[in-house]
Amino acid sequence: MKKLIYCFLLLSGLMLLVTGGGMYWGYQQIQNLANEPIQAQPEQLLTIERGTTGKKLGEFLQQQGLIKEATFFPFLLRLQPELSAVKAGTYSLNGITNLTELLQLLVSGKEAQFSIRFGDGETYQQLQQTLQNAPHLQHQLSEKSEAEIFDLLGLALDNGQTVKKLEGWIYPDTYHYVVNSTDLALLQRAVRHTQQALDNAWQGRDKDLPLSNPYEMLILASIVEKETALESERPLVAAVFINRLKRKMRLQTDPTVIYGMGDDYQGNIRKRDLEQVTAYNTYQIDGLPPTPIAMPSEASLQAVAHPATTTALYFVADGSGGHKFSNTLAEHNQAVQQYLKWLRSQKSGN
């Protein structure tokens with residue numbers, strides 16, 4: 001009897017030892033899986049569809065070559081349930097070194113971010129090209145006309161606007177988005193930003209401006225944007241145009257001529273271009289052109305809302321990146337001659 005009991009105990013001990021060893025081995029496999037290195041490219045993306053959890057997730061990661069074997073993947077999630085609540089989305093694998101880090105990323109829901117930049121003073125035509133080249137963006141507007149997009153963006157013909165043009169309405173800034181965001185949603189954000197900036201500038205404007213509505217402010221701000229890249233000069237440039245409008249003088253600004261020329265502009269303005277009557281040639285028309293000529297920054301909107309206190313009516317480039325402002329035509333002509341002299345010296349190398 002004692003011998004039988006001894007054999008039973010010995011067998012039970014062996015079974016426990018085997019079971020314990022198996023459990024230890026399994027635990028080690030799970031730990032090895034959790035720390036398994038992931039070989040991913042810096043720009044590699046991983047898209048997780050809705051409902052991809054547990055065994056399906058492990059199989060998917062194996063298919064993507066991110067883990068070698070998915071057998072122990074469900075056990076890893078049981079051992080660490082906080083890693084199981086993954087969220088659908090597209091993720092960047094940049095900086096991910098092992099499976100645990102990958103699962104933590106998928107649980108966080110921090111999808112891969114991309115960015116697009118609309119530059120200050122860009123035209124709608126330039127902006128369209130930027131949109132077309134943006135990666136991972138759904139293009140819903142490619143086949144739409146400008147007037148159709150105008151309506152889709154919720155814009156309306158009011159406050160002086162008479163044509164459905166988007167020039168001036170897209171706020172220049174950097175916008176972040178995730179995979180499968182739409183170009184429409186992105187432009188809606190940009191338009192809302194412009195509307196808010198324009199409303200703030202109009203509501204807080206100096207009260208003696210010769211502008212009838214916010215749209216005229218947007219038009220003039222776009223001209224200021226194209227005339228100078230120096231933020232410190234914008235209130236002065238705006239003041240010159242405000243002063244000219246008050247005196248019923250033509251604006252006579254080259255950027256409007258260039259905009260009106262469209263594709264005919266090849267880098268310089270000829271005398272016949274200045275004499276050509278177009279809706280945008282402010283050498284030939286009175287007042288403002290019918291629409292903005294570019295996307296103005298908030299700085300340009302504020303410059304128009306609060307122009308500098310000056311009696312200047314003219315300005316010309318000074319050769320150093322800025323402009324020379326003059327009160328009279330005689331002073332302006334002298335400044336022009338100085339600029340032309342500087343240009344000649346640059347061409348001759350002196």
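This is a conversation about helix H9, its surroundings and some salt bridges in a predicted model.

Student: Before we start, what should I keep in mind about the model?

Tutor: Residues are numbered from 1 along each chain as its sequence is written, and side-chain values use heavy atoms, with hydrogens and water left out. Since the model is predicted, local features need pLDDT of at least 70 and side-chain atom pairs count only at pLDDT 80 or more, while totals for chains, interfaces and linings use all residues.

Student: What makes H9 a helix whose length agrees with expectation?

Tutor: Helices here are DSSP runs of H or I with at least four residues, strands are runs of E with at least two, and both are numbered from the N terminus. The expected span is 1.5 Å times one less than the number of residues. For the 13 residues of H9 that gives 18 Å, and the end C-alpha atoms are 18 Å apart, so the two agree.

Student: How do you know whether H9 is enclosed or not?

Tutor: Buried means under 20% relative accessible area, exposed means over 50%, and partly exposed is in between (1.4 Å probe, protein chains only). Of the 13 residues of H9, 10 are buried, so the helix is largely enclosed by the rest of the structure. Among them are Arg-234, Phe-241 and Arg-244. The cover over these buried residues includes helix H8 (214–227), helix H12 (298–305), strand E7 (314–317) and strand E8 (323–326).

Student: Why is Gln-252 called partly exposed?

Tutor: Its relative accessibility is 38%, which lies between the two cut-offs, so Gln-252 counts as partly exposed. Gln-252 sits in the loop between helix H9 (234–246) and helix H10 (254–261).

Student: Which residues does Gln-252 touch, leaving out those up to four places away in sequence?

Tutor: With contact meaning heavy atoms within 4.5 Å, Gln-252 touches Arg-244, Thr-282 and Tyr-283. The C-alpha atoms of Gln-252 and Tyr-283 are separated by 4.4 Å, although these residues are 31 apart along the chain.

Student: What makes Glu-225 and Arg-234 a salt bridge?

Tutor: The term asks for a side-chain nitrogen of Lys or Arg within 4 Å of a carboxyl oxygen of Asp or Glu. For Glu-225 and Arg-234 the N to O distance is 3.2 Å, so the pair qualifies. Glu-225 is buried, because its relative accessible area is 8%, and Arg-234 is buried too, with 7%.

Student: How do you know that Asp-173 and Arg-117 form a salt bridge?

Tutor: Their closest N and O atoms are 3.7 Å apart, so they meet the cut-off. Asp-173 lies in the loop between helix H6 (146–152) and strand E5 (174–177), and Arg-117 in strand E3 (residues 114–117), so the pair ties together parts that are 56 residues apart in sequence. Asp-173 counts as partly exposed at 25% relative accessibility, and Arg-117 is partly exposed at 41%.

Student: What makes Asp-151 and Lys-164 a salt bridge?

Tutor: The closest N and O atoms of Asp-151 and Lys-164 are 3.1 Å apart, so this pair passes as well. Asp-151 lies in helix H6 and Lys-164 in the loop between H6 and E5, so parts 13 residues apart in sequence are tied together. A search of the whole structure finds 7 salt bridges.

Student: Why are E7 and E8 said to pair?

Tutor: Two strands pair if DSSP finds at least two bridges between them. E7 and E8 have 4 bridges, in the antiparallel sense, so they pair. The bridge partner of Tyr-314 in E8 is Ser-326.
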